[in-house]
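Please find below a short note for a colleague who is beginning to read protein structures. The points may be followed with the sequence and the model side by side.

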Amino acid sequence: GSTDESGRICDDYRMRDNRIKVIHQENAGVSAARNAGLDIATGEYNLFLVGDDALDLNTLEVCTAALQRSDSDLVLFGFHLYGEKDGKAFFQKDIVYEEAVIASHEELLKDFSAYYQQGYFSFVTDKLIRASLIRDHDIRFDGAFNVGGEDAVFMLALLPYIDSIKVLPDTFYQYYRREGESMTLVFKPDKFQRYCDRIILLNRFMTQNGCFDGAYLVRLLGTYFLWAYESMLKESCRYTLTQRFRYVTRTFINRELFQDQKSYERALLSDLSCYNDYSHSAVIALKLFFQKRVLTLGFWHIITYIRTR
């Protein structure tokens with residue numbers, strides 16, 4: 001689906017090395033691209049790489065050796081985070097995990113909420129996975145979540161079949177977060193709905209596996225609201241004032257996503273310190289969202305938008 005010379009370059013590599021397979025298809029998003037790769041993959045392991053990111057040169061060597069030594073189902077490793085300013089990439093920080101072995105499925109479920117909050121299951125690009133798990137259970141990416149979150153949804157589908165995980169303290173993946181391209185910043189009309197769908201899936205997994213954490217689900221709902229709400233203040237949102245008011249009052253309706261959600265929300269409203277990194281106006285919007293004062297939230301957004309212009 002690329003419009004530059006990427007396809008030709010890939011074909012050139014295929015001619016040089018018969019291990020390389022090339023697929024030409026119309027651009028249908030990252031999920032469709034990965035699924036096409038999974039459909040023809042024949043190797044013992046799967047690793048996913050986003051087109052404009054990179055891997056350290058020894059990634060596969062170290063990860064396959066670690067997976068074989070530990071006899072685990074997947075290896076988790078850290079990543080280098082790069083930002084961009086004025087068209088130039090710059091190093092920001094390394095995301096490093098403490099070396100560990102999650103030795104059983106029971107251990108994984110026992111501390112699932114903690115692992116999830118640490119980001120263990122947020123991405124597929126920081127993992128080497130036994131291909132048989134994906135192939136035998138026909139796990140695929142859901143294209144409905146291409147606005148963000150397809151990795152976490154994929155991992156929730158895979159986790160019931162994971163018995164052991166090897167966590168490495170190494171950083172191998174080079175993740176480039178470019179100006180204006182972060183999915184948490186770009187406005188998409190259905191973004192908040194997709195976020196709510198992810199919470200429903202996460203709640204279902206937690207409930208079915210005896211690791212329910214309502215307090216975390218509510219904090220996550222608040223974070224997703226702020227991501228979707230603040231994206232409306234970016235240049236990618238071209239709505240008029242009238243369109244903004246209608247969108248806010250129709251989209252940001254705090255509906256019940258799981259049992260006893262209200263009680264967890266009341267507890268969170270008494271201490272919103274976990275959102276200290278957000279602006280004062282955003283936190284006010286969050287309070288209005290949790291209090292279900294949607295009309296007031298609509299007017300507050302208009303006021304905030306005018307102030308920022």
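1. The model under discussion is predicted. A convenient place to begin is T249, which counts as buried because its relative accessibility is 15%, and burial here means a value under 20%. T249 belongs to helix 10, the run of residues 241–251.

2. Which backbone oxygens lie close to the side chain of T249? A polar atom of that side chain is 2.9 Å from the backbone oxygen of F245. The backbone oxygen of R246 is found 3.2 Å from a polar atom of the T249 side chain. Setting aside neighbours within four places in sequence, T249 also touches V294, L295 and G298.

3. A second threonine may be read in the same manner. T223 sits in helix 9, residues 214–231, and is classed as buried because its relative accessible area is 18%. Beyond its neighbours within four places in sequence, T223 makes contact with Y275 and Y278.

4. Strand 6 covers residues 127–130, and its side chains alternate: K127 and I129 point one way, L128 and R130 the other way. Are these residues buried or exposed? All of them are buried.

5. Strand 6 has pairing partners that the reader should locate. Strand 1, residues 45–46, runs antiparallel to strand 6 and is joined to it by two bridges; here Y45 has R130 as its bridge partner. Strand 3, residues 74–85, also pairs with strand 6 in the antiparallel sense, over three bridges. In strand 6, I129 is the residue opposite L74.

6. Y161 is placed in the loop between helix 7 (150–158) and strand 7 (165–176). Y161 is described as partly exposed because its relative accessibility is 34%, a value between the limits of 20% and 50%. Apart from neighbours within four places in sequence, its contacts are D73, L133, H137 and I139. The C-alpha atoms of Y161 and H105 are 8.2 Å apart, although 56 residues separate the two along the chain.

7. The backbone angle phi deserves attention at two positions. Most residues other than glycine have a negative phi. D71, which is not a glycine, nevertheless has a positive phi of about 55 degrees. D71 lies in the loop between helix 3 (59–70) and strand 3, and it is called exposed because its relative accessible area is 57%.

8. K292 is the other position to examine, with a positive phi near 60 degrees in a residue other than glycine. Its place is the loop between helix 12 (280–290) and helix 13 (294–307). K292 is partly exposed, since its relative accessible area is 40%.

9. K292 also takes part in a salt bridge with the side chain of E256, at 3.6 Å from N to O. The pair links distant parts of the chain, 36 residues apart: E256 is in the loop between helix 10 and helix 11 (261–269), while K292 is in the loop between helix 12 and helix 13. E256 counts as partly exposed because its relative accessibility is 39%.

10. How many salt bridges does the structure hold? There are 16. One of them joins D17 and R19, whose closest N and O atoms are 2.7 Å apart; R19 is exposed because its relative accessibility is 69%. Another is formed by the side chains of R140 and D138, at 3.9 Å from N to O. Within this pair, R140 is partly exposed because its relative accessibility is 29%, whereas D138 is exposed because its relative accessible area is 56%.

11. The surface also carries a nonpolar patch of about 250 Å², made by I9, Y13 and I20. I9 is located in helix 1, residues 6–16. Why is I9 described as partly exposed? The description follows because its relative accessible area is 40%, which falls between 20% and 50%.

Terms used: Residues numbered from 1 in each chain as written. Predicted model: local features only at pLDDT ≥ 70, side-chain atom pairs only at ≥ 80, totals over all residues. Heavy atoms only, no water. Patch = residues over 30% accessible without salt bridge, like charges linked within 9 Å, V, L, I, M, F, W, Y side chains within 5 Å. Areas by Shrake-Rupley, 256 points an atom, 1.4 Å probe, with all protein chains shown as cover. Salt bridge = Lys/Arg side-chain N within 4 Å of Asp/Glu carboxyl O. Helix = DSSP H or I, 4+ residues; strand = E, 2+ residues; numbered from the N terminus. Buried < 20%, exposed > 50% of the residue type's maximum accessible area, 1.4 Å probe, protein only. Pairing = 2+ DSSP bridges. Contact = heavy atoms within 4.5 Å. Polar contact = N/O pair within 3.5 Å; in protein donor to acceptor, adjacent residues only side chain to side chain.
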